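I opened this model to look up strand pairing and surface patches. My notes follow.

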Amino acid sequence: MEQDIVIEKASFTYSGSTRPAIRNIELTVNKGEVVMITGPSGAGKTTLCRLLNGFIPHFFRGKFSGRVMVKGHNTRRVTISFLSRIVGLLFQDPASQLVCPTVEDEVAFGAENYGVPPEEIKRRVDESLKVTRLEKYRSQNPHRLSGGEQQACALASIMAMRPEIYVLDEPTSNLDPIGSERVLNLIVSLAKKEKHTMLIVEHKMEELFPFVDRVIVMNNGEIILDGKPREIVENVGLMEKIGLKPPQVSLLAYKLREKYPDIPIPMTLEEAVDIFSGLLEKAGARGEAVPIAQTEKAEERSKSEPIIRTEGLWHIYPGGTVALRDVDLEIYEGEFIAIIGQNGSGKTTLVKHFNGLLKPTKGKVYVYGVDTTTTTVANLSKRVGYCFQNPDFQLCNRTVREELEFGPRNLKLPEEEIKRRVENVVKIMGFEGLLDENPFSLSKGERQKLAVASILTMEPDVLIVDEPTTGQDYKTGREMMEFYRKLNQRGKTIIVITHDMNLAAEYARRVVVLREGRVILDGPTRLVYSKTKELESTYLKAPQVTRLFQRLSKYGLPPDVLTVDEALEYMMKALGGE
Amino acid sequence: MAFEYIPGDTFLHRLDPRAKLAFVATVMILAVGFTDPIWLAAVLLALFMLIRYAKLPWDKVKGFIKGIAPLAALYTIFNIIMPPVKIPEPTILFRFIIPISLDSLVWATGAVIRFLIILTVLRIMLMLTPIRDLVLALVKLGLPAEFGISLSTGFGYLPVLLDENRKIKEAQMSRAFEYEYRNPIKRFKALFTQLLIPSISNSIRRTQDIALAMESKGFSYNPRARTYMHEIRFKTPDYIFLAITVVVLIFGILAGWVYEWADFINLTLPLLKKLITSSAS
């Protein structure tokens, strides 16, 4: 079989770093293979991608050893632009790779550089835009598109170059669940149809496993697993240990093995339904499915006044985009709320009203009883802290200490008080020893933490965090959420915007779902997550175990389990014949 | 947005960008050569007729004028106080701290119209022509392709920069930072120090990303042999338009420089002086 990629003993250490980013990588990819590469952050996935189009060694400085052959060309001997005609590389962050003033120009850009005749370019552009459904944005600035559309545009621009090998670094990082499923489907069917070789770096195993030929798991710069997805799921335990998010149904079966060692590990929801129905049938499980919400003690809602209240809130941006339509919402002290919804559903617009960054076009917003139109953001920020999605927009000081002092100083607090608060937050978040560092020399994860810490020194009662887990692996995402849970237990009200349905399920006690600027669901997490239809209408999906249990309800399994551990408990009970 | 192309299908939209560039250059030469308010007003009027003809949306034009109004006002005042031309025998109208002459008022009126003409013609050009075509025109006129592409990338990133600045400002306001100082110096300082640090570090980081992205799409493969999806070609209407432009240019040079018909001391000023003396007597 024809070998498209042959990597022999490749290692690379970025200059300025002491630890190799990848070590002794041995990898052969055959023509037409669709390979998923996964691993926790820092595993070396992006570095591996950079080997393939010559970014390493031609762009990034460092120590490189080993040999990388792409279609028979040694990457050391040819240039990046030569290799790029063979290897189409899609970057992690779509916004950073869009370089033209319109979508159409963007898609044509690569082909133009390679001197493709204009007529042919036009044909390719039309085709790529059609496949990615971007035709209507043709003459718009690509940076004006939503995150998901930008990703589609970046993909279209790679497609128009007609590469033989696609290397896609997290092609769906900015997409909501159903959006990413669609993009992944599109990518894989493209590969199968045209017999392209494809390497996809992704965290989303549930979505990708059914489509790919082969899965490679990396950790600490090395390949630790390499095989067919079916073989890989057998290693669920290992994957969970290194901080990955294996398919929930696989994890459930794996955990059941302690008691039932013969359970096969399912790869997809469908397989899981088959396997578990068989088991439950054999165990003679039957019964009426009683939602957990009904048996559980309902959470006491404080009878006090809501701390944040919106009344018939509309927001229309200049230019006429209606972002919020008639939103009535009450938020109480001590709640842990997840606001979910697809890209562009108005989540960020909504929370910006809570600290006065945006004022209602129509309707009212009251924060601690004060109409937000009568006060300033600075005033509201004493009680409502808002942490932005991207820490790089927030950090603006020369040292970590100054960054932490920035908020309290703006509030004109006395020096001792500022000192107390900084020390306090440093202790909680563990910034000891980093206080004199420049914030921009910290890692992305640390910067994200610092951004939160710099809000915490203002000691707000309400903390709003916008997409705290985007671009982070499952483990880091969970660590952040654990931290918010701790804050919540100390009495802070937490509002999290997210499209990670699993994390929301695990941590939030109340979920608000937005669709096209309207609140379509609002209630305790269990209740909201059992409304499958409404969720799907806005491109969201309940966690895989929830969906599994909904399919198995005739065996008496509750349709509103939220986590794998919960599911494990109920499954054991059902199998035990209780 | 000051660089927004507004799609349309008029004669002006379809013109070759090089012909449009020649037109812009001509109008600018006229604006510099003329100093008389009446002549200049005629040029501005012609430009507004073009806006009408190309069916460009009025609210965009209005927004644009509103945007430059403060600058225009400042420019007018400056020209009244210190007209950069020598006025031999000024007719003093009244005193407001310094003596204000009829001559300097007429000069300043002309100056502000010139200011409007230059900005408006650029704006019309940008509304009528996609950046891509402008860049292509410049490349055809001899600009190296690398520069051309860099230029268009720069334009492409403008909305990103604006958006980013808004986000940075919002993030800082969320930490009780006040931008709304009454005192313009304080406000300027606040904007500068707090906005600059994150913007610059983001830009530095972005520079590498852009370089990577362009390289991975073959930017340096062979810029000379690069093709363009949309070719531009000079057609008959372009030649006709160019011919008319050249005639206007020659006329403008005659009026502005050779015979000085369009000089403010030759038309508006004597006209007004006559008016004043006749009404006084």
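Before reading any partners, I fixed the term: two strands count as paired if DSSP finds at least two bridges between them. I also keep in mind that this is a predicted model.

**Entry 1: chain B hairpin.** I started with strand S1 (residues 92–96) and strand S2 (residues 98–101) of chain B. They pair in the antiparallel sense over four bridges. I looked up B:Phe96 and found its bridge partner in S2(B) to be B:Ile98. The two strands form a hairpin with one residue between them. B:Ile97 sits in that turn and has a positive phi of about 65°.

**Entry 2: B:Ile97 at the surface.** Is B:Ile97 buried or exposed? I read 75% relative accessibility for B:Ile97, and the cut-off for exposed is over 50%, so it counts as exposed. I then checked its surroundings. B:Ile97 belongs to a nonpolar surface patch, whose members include B:Phe94, B:Phe96 and B:Ile98. B:Ile77, B:Phe78 and B:Ile276 are also among them. Together the patch residues have about 1000 Å² of accessible area. Which elements supply at least two residues each? I noted helix H4 (58–81) and S1 of chain B.

**Entry 3: an open sheet in chain A.** Next I traced a sheet of four strands. Its order is S2-S1-S4-S5 (chain A), with antiparallel pairing. Strand S2 (22–30) and strand S5 (73–74) of chain A stand at the edges. Each has a single partner strand, so one side of each is left without a neighbour in the sheet. I followed S2(A) inward: six bridges join it to strand S1 (residues 3–14) of chain A. In that pair, A:Ala10 has A:Ile25 as its bridge partner. What packs on the sheet? I found helix H1 (residues 45–52) of chain A, which touches S1, S2 and strand S4 (62–70) of chain A. The direction of H1 makes about 120° with that of S1(A).

**Entry 4: further along chain A.** I moved on to strand S11 (residues 308–316) and strand S14 (residues 362–367) of chain A. Five bridges pair them in the antiparallel sense. A:Glu311 stands opposite A:Lys364 in S14(A). S14(A) is also joined to strand S15 (residues 370–371) of chain A, by two bridges and again antiparallel. There, A:Tyr366 has A:Asp371 as its bridge partner. S14(A) and S15(A) form a hairpin with two residues between the strands. In it, I noted a positive phi near 50° for A:Tyr368.

Definitions and conventions:
Residues are numbered from 1 along each chain as its sequence is written. Chains are lettered from A and ligands numbered from 1 in the order in which they are written. This is a predicted model: local features need pLDDT of at least 70, side-chain atom pairs count only at pLDDT 80 or more; totals for chains, interfaces and linings use all residues. Side-chain values use heavy atoms; hydrogens and water are left out. Contact means heavy atoms within 4.5 Å. Axes are lines fitted to C-alpha atoms, for helices over the stretch in contact, and angles run from 0 to 180 degrees between N-to-C directions. Patches are made of residues with over 30% relative accessible area and no salt bridge: like charges are joined within 9 Å, nonpolar side chains (Val, Leu, Ile, Met, Phe, Trp, Tyr) within 5 Å. Accessible areas come from the Shrake-Rupley method with a 1.4 Å probe; for residues, only the protein chains shown count as cover. A salt bridge is a side-chain nitrogen of Lys or Arg within 4 Å of a carboxyl oxygen of Asp or Glu. Buried means under 20% relative accessible area, exposed over 50%, partly exposed in between (1.4 Å probe, protein chains only).
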